[in-house]
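Here are my notes on this one, jotted down as numbered points. Have the structure open while you read.

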Amino acid sequence: MSVQFSDTKLQEVQKMIARYPEGKQKSALIPILHVAQQEFGGWLSAETMDYVASLLQLDPIEVYEVATFYSMYNLKPVGKYLFEVCQTGPCMLNGSDNIIEYIGQRLNIKAGETSADGLFTLKTVECLGACGYAPMMQLGKHYREHLTKEKVDAIIEECRKNAAANN
Amino acid sequence: MGRKVLLEHAKIEGIRYYDTYRKHGGYTAVEKAFKMAPNDIVEEVKKSGLRGRGGAGFPTGMKWSFLAKPEGVPRYLVCNADESEPGTFKDRYLMEFLPHLLIEGLIVASYALGSNRTYIYIRGEYAWIVDILEQAIDEANANGWLGKNILGSGFDCQIYVQRGAGAYICGEETALIESLEGKRGNPRIKPPFPAVKGLWDCPTVVNNVETLAAVVPILNMGGEEYAKIGIGRSTGTKLISACGNINKPGVYEIDMTISVEEFLYSDEYCGGIANGKKLKACIPGGSSVPILPANLLLKTAKGETRMMTYESLSDGGFATGSMMGSGGFIVLDEDQCVVHHTLTLARFYRHESCGQCSPCREGTGWMEKILKNIEYGKGKTSDIDLLWDIQRKIEGNTICPLGDAAAWPVAAAIRHFRDEFEWHVQNPEESQRRNFGLAHYADPLAVNA
Ligand SMILES: Cc1cc2nc3c(=O)[nH]c(=O)nc-3n(C[C@H](O)[C@H](O)[C@H](O)COP(=O)(O)O)c2cc1C
Ligand code: SF4
Ligand code: FES
């Protein structure tokens, strides 16, 4: 995959930079890394980070520093569907441990691993601000809340269908 | 029914969109504000007694009046929508359902403080809410509430949404500023305070989402009227996000005149403990504040009814009280294990420590390890004292309050539930099969201050 934003993405990036005063384009780094991660395979390779550095006229190290600090950036490849399941106190009180175990069994992976077919990655995360709707996970842009085993089954099914349809 | 000034219209269909919001009295606070001098708005907020809703409870009007105003230097208002304290999900509710309320509050506050560029820093995971906010901002622009020369006042203002990328520490105001500058979220050493040297070294005010939304009813009804809601220095209403083992988890607006018991058991709010179980413990203000056993939650050590106010929740200090904090109300039923719950919080703080200060970086890791040993039947009695010692050495010895926030939950768990820790150590196998239960329930003498 060649690392280069499309023209529409470049326009989006320019709009992000324009949110800040002259010369403060470094502030756009975190939002632009989100766009880059989404565009270039769901994770940030060194190549991607270097590209973002060149766009913002930063030293590559300034980008690496940031990319390694924030938990939403993936520094190695992930599956097409990333299940980010919350495991903090309030979710634990509502059975998140069982949900994490169940997802692991269903996909035959442990937290931090990707399924053999490359479709799913299971990641445990800390409180996502959905404690009243626990247990929960983030999938893409949205939250899936009040998880049960049945709901997990349905979500996995839904992902498999989407993946098949897109192939 | 308690008085509602923030969520009054939350359930109205279409209130997320401009036309409906406007029809229900939206943007009247902005109209009113532009007929006032900026300083008069600050005075109005002072009169209201509003205290910051982000956790620390600092008086908002006073904070605003500290903002430095050197000639020729821009000033910034930054809205803290990082909301990452476990148990807290109130700002999300406000932004998701009433985005224009926040935008309206931001316009008033920007005018009062002289901020021409105002930023909302939102936690990266709330990705869909970014769209909701940006749509509301577009609508406000299209209707003349933002942009150049708003309402002919000569005042220009634009609001931008900045997404974070997963870091609790970026809720701390100086870490947030660093992050907004495109850096790692390492808190700054204070002073200088943001009011003097904040975003891009310019004077900056950072306020919580709920704080800024509350500016709208304050302007609409007047500071004095607002101050009449509540008890004493706990003026106005507060959003509480309730979760854990209760019948009705969710976000509630309370006026600060009700008791904890009413909040927990009445059907208007939490609706009691789920599955007919008994209350064991509660963390009333987000994961950082001390956990309280049932008896101390409902009544203070003096035997008075505990109220949902800043003062009453902290009555008794850390020995027998807790804090209002961010309003994240976490309830544990009789089947829950305090050691396990505390372990998840210790893991959280270890994960979220930015690593700048050794007591926080190392201490949070040690606390997690020791708690893990105790929880999984490999602990020693001396470990409990060691835990106590570590948390004491973190508290007060770090650059930012995350260190304290990591220490307090561990301290309070040991203070009030030491028996449960000891039981784990003494019964390593049994503690893997069942929980300690309710030994402290309704036992006021179990408190070793
Ligand atoms: C570790 C840490 C995390 C914090 N997280 C948040 C947060 O997510 N949201 C928030 O409004 N304030 C948070 N705060 C408090 C902010 O530093 C700051 O006091 C607050 O945004 C000020 O706004 P207020 O006066 O309106 O409450 C946090 C503080 C610390 C030390
Ligand atoms: S107390 Fe912890 S989070 Fe705060 S600056 Fe120090 S190491 Fe970072
Ligand atoms: S604890 Fe899981 S969302 Fe808050």
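1. Chain A first. Its secondary structure comes to 7 helices and 4 strands, and read from the N terminus the order is α-α-α-α-β-α-α-β-β-β-α. Bear in mind throughout that we're looking at a predicted model.

2. The domain assignment splits chain A into domain 1 (7-67) and domain 2 (81-165). Taken over C-alpha atoms, the centres of domain 1 of chain A and domain 2 of chain A sit 29 Å apart. Along the principal axes, the C-alpha atoms of chain A fill a box of roughly 50 × 35 × 25 Å.

3. On burial and contacts in chain A: 39% of its 167 residues count as buried. If you take the contacts in chain A between residues at least 6 apart in sequence, 56% of them join residues at least 24 apart.

4. Now chain B. Here the tally is 19 helices and 11 strands, and the C-alpha trace spans about 75 × 45 × 35 Å along its principal axes. How does the radius of gyration of chain B sit against that of a compact globule? It agrees: chain B has 22 Å, and a compact globule with 449 residues would be near 22 Å. Of those 449 residues, 56% count as buried. For chain B, 72% of the contacts between residues at least 6 apart in sequence join residues at least 24 apart.

5. Chain B is assigned three pieces: domain 1 (18-228), domain 2 (240-333) and domain 3 (338-443). Between the centres of domain 1 of chain B and domain 2 of chain B there are 28 Å, over C-alpha atoms. Their contact draws 11 residues from domain 1 of chain B and 15 residues from domain 2 of chain B. The domain 1 side of that contact in chain B is made up of 3 nonpolar, 5 polar and 3 charged residues.

6. Next, the interface between the chains. It involves 34 residues from chain A and 45 residues from chain B. Which elements of chain A give two or more residues to its side? They are helix 2 (29-39), helix 4 (60-67) and helix 5 (89-93) of chain A. Helix 2 of chain A has the largest share, with 5 residues. By class, the chain A side holds 18 nonpolar, 10 polar and 6 charged residues.

7. Ligand 1 has 26 residues around it, and the closest are B:Gly52, B:Gly54, B:Gly171, B:Asn208 and B:Thr211. In chain B, helix 4 (60-65), strand 4 (204-208) and helix 18 each supply at least two residues of this shell; strand 4 of chain B provides the largest share, 3 residues. The shell around ligand 1 takes at least three residues from each of domain 1 (18-228) and domain 3 (338-443) of chain B. Its residues divide into 9 nonpolar, 10 polar and 7 charged.

8. Ligand 2 has 14 residues around it, and B:Cys354, B:Cys357, B:Cys360, B:Thr398 and B:Cys400 come nearest. Helix 16 (358-375) and helix 18 (402-426) of chain B each give at least two residues to this shell. The classes here are 8 nonpolar, 5 polar and 1 charged residues.

9. On to the largest nonpolar core, which has 182 residues; those touching the most other members are A:Leu33, A:Met136, B:Val78, B:Leu94 and B:Val108. Helix 18 of chain B makes the largest contribution to this core, 12 residues. Leaving aside residues up to four places away in sequence, B:Val108 touches B:Ala29, B:Val30, B:Ala33, B:Ile41, B:Val215, B:Val216 and B:Leu219. As a general matter, nonpolar side chains in soluble globular proteins tend to be buried together.

10. One last residue to click on: B:Leu102, in helix 6 (residues 99-113) of chain B. Is B:Leu102 buried or exposed? B:Leu102 is buried, because 24 other C-beta atoms lie within 10 Å and the cut-off for buried is 20 or more. Not counting residues up to four places away in sequence, B:Leu102 touches B:Leu94, B:Met95, B:Val209, B:Leu212 and B:Ala213. The C-alpha atoms of B:Leu102 and B:Val216 are separated by 8.4 Å, with the two residues 114 apart along the chain.

Methods:
Residues are numbered from 1 along each chain as its sequence is written. Chains are lettered from A and ligands numbered from 1 in the order in which they are written. This is a predicted model: local features need pLDDT of at least 70, side-chain atom pairs count only at pLDDT 80 or more; totals for chains, interfaces and linings use all residues. Domain bounds come from an automatic or database domain assignment. Two residues are in contact if their C-beta atoms, placed from the backbone, lie within 7 Å. Ala, Val, Leu, Ile, Met, Phe, Trp, Tyr, Cys and Pro count as nonpolar, Asp, Glu, Lys and Arg as charged, and the others, Gly among them, as polar. A residue is near a molecule or strand if its C-beta atom, placed from the backbone, lies within 6 Å of it. The radius of gyration is taken over C-alpha atoms; the globule rule is 2.2 Å times the number of residues to the power 0.38. A residue is buried if 20 or more other C-beta atoms lie within 10 Å of its own, exposed if 12 or fewer, and partly exposed in between; C-beta atoms are placed from the backbone. A nonpolar core is a set of buried Ala, Val, Leu, Ile, Met, Phe, Trp, Tyr and Cys residues joined through C-beta atoms within 7 Å.
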